[in-house]
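This report looks at the surroundings of a ligand and at two of the helices that contribute to them. The sequence and structure are shown here.

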Amino acid sequence: MPPANAPASSTPVHASRVRVLHPGGGRTTGPVVYWMLRDQRLADNWALLHAAGLAAASAPAAPVAIAFALFPRPFLLGARRRQLGFLLRGLRRLAADARARSLPFFLLEGGPAEVPALVRRLGASALVADFSPLRPVREALEAVVGELRRDVADMAVHQVDAHNVVPVWAASGKLEYSAKTFRGKVSKVMDEYLLEYPELPALMPWDGEQPVDVDWDTLIYRICSEAENVPEIDWCKPGEAAAMEVLLGSKDGFLTKRIKNYDMGRNDPTKPRALSCLSPYLHFGHISAQRCALEAKKRRHLSPKSVDAFLEELIIRKELADNFCYYQPHYDSLAGAWEWARKTLMDHAADKREHIYTREQLENAKTSDPLWNASQLEMVHLGKMHGFMRMYWAKKILEWTSGPEEALSVAIYLNDKYHIDGRDPNGYVGCMWSICGLHDQGWKERPVFGKIRYMNYAGCKRKFDVDAYILYVKRL
Ligand code: FAD
């Protein structure tokens, strides 16, 4: 069912994927501007398709422009050099691809506050934004929509969830308790949404203001020098083409070469390539989760268990994280935990800890646990800790800090500082799951953890070759 504020369908996009933030009305001429936020790609992008559909349906048919606003210092969600370098290098490729398709790309270095002035200058008939559930992005969008409502009241503003297979607001109208409750809802409507994308139609030629030529080398150098120095990574190249290579490459593509190992190997940190390694691309929107899911389904015969497990992570777990951040304003603090979890954590907040480490000791991997230190160093050096180790890593932070609030804030700080896929709903939910029992159940009560699920070194030793993992990280 489309939401009450869905627009009349003039585009190939499912009506419930689109929300009307401001109906506008009077304006029928002028370009459509797509304000690209989280979905930094041209292919398989419902927001761009919607913008193109609106432009084609206006009379006379109008062109489309893309705008990207760099959030000014301290940068969006505290991005460091590592994340900013990836973002900007990805945008450089995107801008070149856009130019090749005669799509003007406006980079707004002054941030979201420049969006209203741009649409005014271009005489836009509509603004289309994509969707993120995270606070600063929502606040920036609200501020822009507020200004446009006042100053350009006849221009429509739409928002499209181009990130989730099932749009967050269509999957569920409320905060979901667990993957089980969410899975039921999403599975029921999946076939309605998990469809092949249409081609981006031919667009009207752009004859308006030309975007300023960006000197990308200078820009990247300047922004990266202003940012805190967490070095960039080189094992993962940004951009849509690189993302597709990781998904479908003929040499080492996840679905073409590695998928068979996913079912049995994904919880073994000594086998990092059993995982898809798609998270940087999904985070920056260089690839669409829907494309990954469509391609995985086509290859289900290769390894049904692996494909099903991958789809569970890619759709259910990932979109459950968006559900949490969308409906829970306190998605990154203890206040966002369920009542039972807050209570049990507070009951045990004063329990004696065997070790207490400062944030600096943790950051520098100076604990007495070589396995934990290895996971921390994997994140620092590689920018991507193995998924299984992330759980152990965060739970140990609960054990080794003075209380759950500090644990959560240290875990989020380190996660977002070093992970290339950090600053993502998955990260907030991953930390909340590990430390605050989010989307989990209560377990046997024990010191410090209360009823929160516990993990320890001995358990890891039973599951995988701990020494081999430590050695692997040493060699990074
Ligand atoms: P794959 O196993 O190949 O998964 C494919 C995709 O499915 C991932 O890219 C991701 O988008 C999604 N996915 C996988 N596992 C989860 C999960 N548990 N929850 C939600 N979605 C999932 N993921 C991030 O993207 N950014 C983070 O900052 C982040 N921080 C985390 C912190 C903690 C403490 C925990 C427990 C988990 C965190 N995760 C985070 C979730 C998960 O560990 C990573 O998505 C995964 O390891 C990324 O590697 P991959 O793409 O090779 O994974």
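## Helix α17

Helix α17 is mostly covered, with eleven of its 14 residues buried. This reading, like those that follow, rests on a predicted model. The buried residues are F388, M389, Y392, W393, A394, K395, K396, I397, L398, E399 and W400, a list that includes the run from Y392 to W400.

The length of α17 can be checked against its residue count: at 1.5 Å a residue, its 14 residues should span 20 Å, and because the end C-alpha atoms are 21 Å apart, the two values agree. The helix covers residues 387–400 and supplies at least two residues of the shell around the ligand. In the side chain of R390, an N or O atom is 3.3 Å from a nitrogen atom of the ligand.

## The ligand and its shell

There are 26 residues around the ligand, of which Y262, S276, C277, N415 and D421 come nearest. By character, the shell divides into ten nonpolar, nine polar and seven charged residues. Besides α17, the helices α11 (279–284), α13 (304–327) and α19 (425–436) each supply at least two residues of this shell.

Two oxygen contacts can be described alongside the nitrogen contact of R390. A polar side-chain atom of N415 lies 2.9 Å from an oxygen atom of the ligand, whereas for L278 it is a backbone N or O atom that lies 3.3 Å from an oxygen atom of the ligand. Taken alone, the ligand exposes 830 Å², and the protein buries 91% of that area.

## Helix α13

Helix α13, which also contributes to the shell, is mostly covered, as 17 of its 24 residues are buried. There is a kink of about 30 degrees in α13, and this kink is centred on E312. How does the end-to-end distance of α13 compare with the span expected at 1.5 Å a residue? The 24 residues should span 34 Å, and since the end C-alpha atoms are 33 Å apart, the distance agrees with the expectation.

One residue of helix α13 is L320. Its relative accessible area is 1%, and because buried means under 20%, L320 counts as buried. The C-alpha atoms of L320 and N164 are separated by 9.9 Å, although these two residues are 156 residues apart along the chain.

Definitions and conventions
Residues numbered from 1 in each chain as written. Predicted model: local features only at pLDDT ≥ 70, side-chain atom pairs only at ≥ 80, totals over all residues. Heavy atoms only, no water. Near = heavy atom within 4 Å. Polar contact = N/O pair within 3.5 Å; in protein donor to acceptor, adjacent residues only side chain to side chain. Areas by Shrake-Rupley, 256 points an atom, 1.4 Å probe, with all protein chains shown as cover. Helix = DSSP H or I, 4+ residues; strand = E, 2+ residues; numbered from the N terminus. Nonpolar A, V, L, I, M, F, W, Y, C, P; charged D, E, K, R; others polar. Expected span 1.5 Å × (residues − 1). Bend = angle between axes of the 7 residues up to and from the residue. Buried < 20%, exposed > 50% of the residue type's maximum accessible area, 1.4 Å probe, protein only.
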